[in-house]
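User: I'd like to learn how to read a few features of a structure like this one. Can you take me through them one by one?

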Amino acid sequence: MSFFTSELILRDADLIAEGGERWVYQHPDYPDCIFKLQKPASARVLKNNMKGRSIRWFPSLANRIVHREYAAYLKACLAPQGDIDTLPVNKLYGFAGADIGFVQISEKVSLDGLTPGPTLAQLHSDGALTVHHIDLLNIFVKSFLDWGIPTNDISRRNIVLGKRNDREMFIAVDGFGDIKAVPLATFSARVRRQALARRCDRLAQRIDKEFDPVQFCFR
């Protein structure tokens, strides 16, 4: 990965995705990275729930997900369970100044090294989800348990198929980190497993599969 020697210029044409909390950009000079810009509270569609009301009352809480995401990532990296290339989340590289604001730098999950890989949602909607992909998905979810990474919103739209060292794997580009006010999942493997099992059960329904919470696998 190249080092940044000047302010990044990110244009509208570089925008590749938009979520509820962030805009996601790529840059032709840095093909192995993506750049995420946090949305201010005023640019978000906030539900009338505790999370939405909290951000309205305290706009600084709009950045809480970044703090929790990095906390989970750093904890995993500082207490490694094995080859860091088996991490089920995209690698986080820090921050950089850009013409549009201060952006987060992350690994671009890709099959060809240039373009973002397909999401699990895309594979399913295209009818391209194979038995091989389900095997990779089972490795993916079990990796969260092995690495002790809490999740908050793992979905078929933020699980992306890519390669690391020529090894094909699913990687989460969002939805990890413990965002609860009382972060039980940060310290309890049991709570992490239960929370991930619930999300996997919902995920299985959306890709026409079943999830076994005992064997912890999709079928």
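User: Let's start with cysteine 33: is this residue buried or exposed?

Analyst: This is a predicted model, so read everything here as computed from it. Cysteine 33 counts as buried because its relative accessibility is 0%, and the cut-off for buried is under 20%. Cysteine 77 has 22% relative accessibility, so this one counts as partly exposed.

User: And how many disulfides does the structure hold?

Analyst: Zero. The idea is to look at sulfur-to-sulfur distance: a disulfide needs the two sulfur atoms within 2.5 Å. For cysteine 33, the closest cysteine sulfur belongs to cysteine 77 and sits 16 Å away, so that is too far for a bond. Start from cysteine 77 and the closest cysteine sulfur is in cysteine 33, again at 16 Å.

User: Okay, on to aromatics. What describes a pair of aromatic rings?

Analyst: Two things: how far apart the centres are and the angle between the planes. Searching the whole structure turns up six aromatic pairs. One of them is phenylalanine 140 with phenylalanine 144: the centres are 5.2 Å apart and the planes are at 85°, so you call the pair edge-to-face.

User: Where do phenylalanine 140 and phenylalanine 144 lie?

Analyst: Here's the general bit: an α-helix has 3.6 residues a turn, so residues three or four places apart point the same way. In this case, both phenylalanines are in helix α4, four residues apart, which is about one turn of the helix. Phenylalanine 140 is buried at 3% relative accessible area, and phenylalanine 144 is buried at 1%.

Another edge-to-face pair is phenylalanine 211 with phenylalanine 216, at 5.1 Å centre to centre and 80° between the planes. Phenylalanine 211 counts as buried at 9% relative accessibility, as does phenylalanine 216 at 2%. There's also an aromatic cluster made of Tyr70, Phe95 and Phe102.

User: Last one: how do I read a helix such as α6?

Analyst: Begin with its span, then ask what is buried and what covers it. Helix α6 runs over residues 189-206, and its 18 residues reach 26 Å from first C-alpha to last, close to the 26 Å expected at 1.5 Å a residue.

User: Which residues of α6 are buried?

Analyst: They are Arg192, Ala195, Leu196, Ala197, Cys200, Leu203 and Ala204. The cover over the buried residues of α6 includes the helices α3, α4 and α5, along with strands β6, β8 and β9. After α6 comes aspartate 208, which has a positive phi, near 60°.

Terms used
Residues numbered from 1 in each chain as written. Predicted model: local features only at pLDDT ≥ 70, side-chain atom pairs only at ≥ 80, totals over all residues. Heavy atoms only, no water. Helix = DSSP H or I, 4+ residues; strand = E, 2+ residues; numbered from the N terminus. Expected span 1.5 Å × (residues − 1). Buried < 20%, exposed > 50% of the residue type's maximum accessible area, 1.4 Å probe, protein only. Contact = heavy atoms within 4.5 Å. Phe/Tyr/Trp six-rings, centres within 6.5 Å; stacked < 30°, edge-to-face > 60°.
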